Each structure stands twice: as structure tokens, then as C-alpha cells.
Amino acid sequence: MAIEHLVIHAPNVYQGGGRTLLAALLRALDVDAKGHLLLDRRLEIPFSAPCGMTVRTFAPTLAGRLRAEAFLPRVAQAASRVICFGGLPPLRPCRGHVAVFVQNRNIVGRTDVSEYPLKQRLRIALERLWFHRYSKHADQFVVQTETMHDLLRRMLGRRPDIRVAPLVPEELLQPSRALSNGAGKTYDFCYVSTGEPHKNHRRLVAAWIVLAQQQWFPSLCLTVSPREFPRLHRWIADMRQQHGLNIDNVGYVTNDRIDEIYACSRALVYPSLYESFGLPLVEARGHGLKLVAPERDYVRDIVVPDECFDPTSARSIARAIERLCRGDNARRAFIDARGFMSSLQAA
């Protein structure tokens with residue numbers, strides 16, 4: 001059964017894994033789809049909306065977000081399927097069936113955000129309050145792993161309908177290419193990630209310093225934006241210079257450039273302390289890269305890494321890198337964007 005009227009509410013999604021998954025969802029829309037797309041003005045994806053879908057964009061400001069929240073109930077109809085793709089339930093009750101796609105681990109569970117800048121800590125506190133107070137406006141919550149399901153169940157307690165739908169872009173569901181032996185590769189390792197503190201770049205670079213002290217200098221590609229994360233970007237540059245590290249920080253990258261980085265790399269090192277899903281692990285495996293990742297539930301929800309480490313220890317990361325260099329993984333069944341939409345229709 002087709003969705004009669006679809007509303008995708010994503011006024012705060014424009015980068016990282018959220019952008020990748022949203023782009024996959026938009027590309028999968030039927031040509032005769034009808035409804036509304038409420039998007040972030042910063043979102044840059046090659047996409048032409050179906051003729052029956054009205055697109056409205058909102059400024060990345062508090063005022064812009066509030067305008068998006070006020071606009072949502074006006075366009076939702078009794079027959080609507082509303083997908084809140086930004087992880088937060090609507091501020092106001094909406095007609096139709098409202099599903100909230102929850103990807104943000106900082107909202108779900110008691111993650112430590114003490115290392116975040118004050119502005120980000122305030123935003124996370126506001127989002128947690130928003131989520132708790134207005135979760136009653138959602139008919140369903142959708143997560144990508146059993147770990148997130150359990151965290152959300154404990155958080156909300158009394159209810160609700162929580163569905164596990166491990167959405168990944170369709171191209172990642174194709175058979176993996178053979179694991180590379182490293183011939184012709186530019187980088188030994190890559191870490192495709194933004195620069196939030198839980199992404200753990202500082203311990204990763206510290207691990208590279210440990211390796212340098214052993215006179216070993218594996219190459220590493222990072223994607224930390226100097227505009228979004230200037231302090232981290234400068235620190236990485238300083239560490240590279242002081243210790244002679246073989247690190248190339250290419251800054252913010254588009255989806256096409258991400259594919260190029262994977263194609264030029266032998267392995268993905270992924271030191272993030274926590275994730276709701278960890279899409280780069282799936283992307284890298286799809287490109288045939290080996291995986292070095294933390295011994296964390298969020299990792300084994302989706303892949304079996306080639307080597308594991310303690311993400312709180314730079315030395316543990318360094319040793320995992322050594323083990324991999326001295327020397328087809330099982331994974332859960334993912335679904336593409338069309339399967340994701342079908343799972344919502346079945347609710």
C-alpha cells in the first residue's frame with residue numbers, strides 16, 4: 001500500500017551520516033509521491049523532488065527551527081505519514097501517523113558531553129528536554145540497532161512503539177569488493193568523521209604519536225573541517241608538525257569525495273566512543289576496507305571488525321593498528337530506503 005501523503009521533516013539535517021541517509025531516502029521517493037519536504041537550507045544533495053512534493057527550506061537558526069515546527073502541523077493531514085528525520089518529536093501535535101527516526105546518541109542515554117563547547121552542551125540539554133517532554137507527540141520511534149532500541153526503551157519506559165530499521169544507502173547493500181592488499185593506496189587508514197568530542201580524534205592522534213615514538217608512521221586521512229571545528233583542526237596540525245605524523249586532514253568532504261577517500265585507503269579506523277549506528281563502518285566495509293574499531297555494542301550491532309581496541313586508551317588503539325598491519329565479515333541484514341519506507345507503512 002502506497003503512502004497517500006508523506007511529510008519528511010528534517011530542518012536540522014545537513015551533514016554527516018544524517019545527510020547520507022536522508023539523501024538515500026529522498027532518492028527513493030516514488031515519482032508520484034505527494035506531500036511536503038521540510039529541509040535544512042544548508043543541505044546540498046543532487047536531488048529533484050517529485051512533482052507532487054512541495055519543498056520548503058528553513059534557516060539553521062533557532063527562529064528557523066521554530067518556524068519549521070510551526071509549519072509542520074499545518075501541512076500534516078489525517079492520512080499523512082510524518083517522518084521526523086532529525087531525531088526530535090514535533091513540538092506540536094500533528095495529524096496522521098508520526099514516526100521519529102532517532103540517530104543521536106547524545107539525546108538517548110546518559111552520554112558524557114562535558115568536553116563539548118558550552119554552546120553545544122546547552123543545545124544537547126535543550127534537545128534532551130525537548131525529546132522527553134514532547135515524545136508523546138510521536139506514534140512510533142525508529143532506530144537502527146538493538147542497542148539504540150534498548151536505550152530508548154529504558155529512557156521512555158511507559159511505552160512506546162519502537163521499530164528497528166537498519167537503514168543504509170542502497171549502494172552499500174551490493175556485494176562487497178574484495179579486501180584490498182594495499183597496492184596503489186594513498187592512505188593506510190582513514191577516519192571519515194566530523195569533529196565532535198565523542199568522535200575521539202584526540203586519542204586517535206595520540207595513538208599515532210605512540211606509533212611515531214616507535215619509529216612507525218602509517219598514513220591517516222582525517223576529515224575535520226577547519227570552519228566547523230577550528231580548535232581541533234589547529235591541534236591536529238600542531239601534533240602533526242611536532243611529531244612528524246603522517247596525517248592528512250582534508251577537511252569537510254562531500255559524498256563523492258568520501259567515496260574517493262575510501263577507494264584510496266586500506267582500512268578504516270573508527271575510534272568513536274558511541275554512535276547510534278556508525279554508518280562509516282558499513283560504508284568502509286562496502287568498499288572492501290578492513291575495520292579497526294572499538295569493542296562497543298554499537299560496532300557489533302552492524303559489523304564484525306578485523307581488530308578491536310579500548311577507545312579510551314591511545315596505546316590500545318596503537319596496538320590494534322599494529323596487529324592489523326602485522327598480520328567476508330558477518331553483519332546484520334540492512335534495509336535500503338524503500339525497505340525503510342515499507343516498514344513505516346506496515347506500522
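Two strands pair if DSSP finds at least two bridges between them. In this predicted model, strand E1 (residues 5-10) meets that condition with two partners, listed below.

| Strand paired with E1 | Sense | Bridges | Residue opposite valine 7 |
|---|---|---|---|
| E4 (residues 80-84) | parallel | five | valine 82 |
| E2 (residues 35-40) | parallel | five | histidine 36 |

E1 is mostly covered, with six of its six residues buried. In a regular strand the side chains alternate between the two faces of the sheet. On one side of E1 lie His5, Val7 and His9, on the other Leu6, Ile8 and Ala10, and all are buried.

The largest nonpolar core has 83 residues, of which Phe85, Trp208, Val269, Leu281 and Phe340 touch the most other members. Helix H5 gives the most to this core, with eight residues. Leaving aside residues up to four places away in sequence, phenylalanine 85 touches His9, Ala10, Val13, Gly18, Leu21, Leu22, Leu25, Phe101, Gln103 and Leu167. Another core, of 28 residues, lies apart from the 83-residue one; Leu72, Ile107, Ala138 and Ile162 are among its members.

H5 (residues 201-213) also packs against helix H6 (residues 230-243), at an angle of about 0° and with the axes 11 Å apart. Angles under 35 degrees count as roughly parallel, and H5 and H6 are therefore roughly parallel to each other. The H5 side of the contact consists of His201, Arg202, Val205, Ile209 and Ala212, and these meet Arg231, Leu232, Trp235, Ile236, Met239 and His243 in H6. By type, the contact residues are seven nonpolar, two polar and two charged.

How values were computed
Residues are numbered from 1 along each chain as its sequence is written. This is a predicted model: local features need pLDDT of at least 70, side-chain atom pairs count only at pLDDT 80 or more; totals for chains, interfaces and linings use all residues. Side-chain values use heavy atoms; hydrogens and water are left out. Axes are lines fitted to C-alpha atoms, for helices over the stretch in contact, and angles run from 0 to 180 degrees between N-to-C directions. Helices (H or I, at least four residues) and strands (E, at least two) are DSSP runs, numbered from the N terminus. Angles under 35 degrees count as roughly parallel, over 145 as roughly antiparallel, 65 to 115 as roughly perpendicular and the rest as oblique. Contact means heavy atoms within 4.5 Å. Ala, Val, Leu, Ile, Met, Phe, Trp, Tyr, Cys and Pro count as nonpolar, Asp, Glu, Lys and Arg as charged, and the others, Gly among them, as polar. A nonpolar core is a set of buried Ala, Val, Leu, Ile, Met, Phe, Trp, Tyr and Cys residues joined through side-chain atoms within 4.5 Å. Buried means under 20% relative accessible area, exposed over 50%, partly exposed in between (1.4 Å probe, protein chains only).
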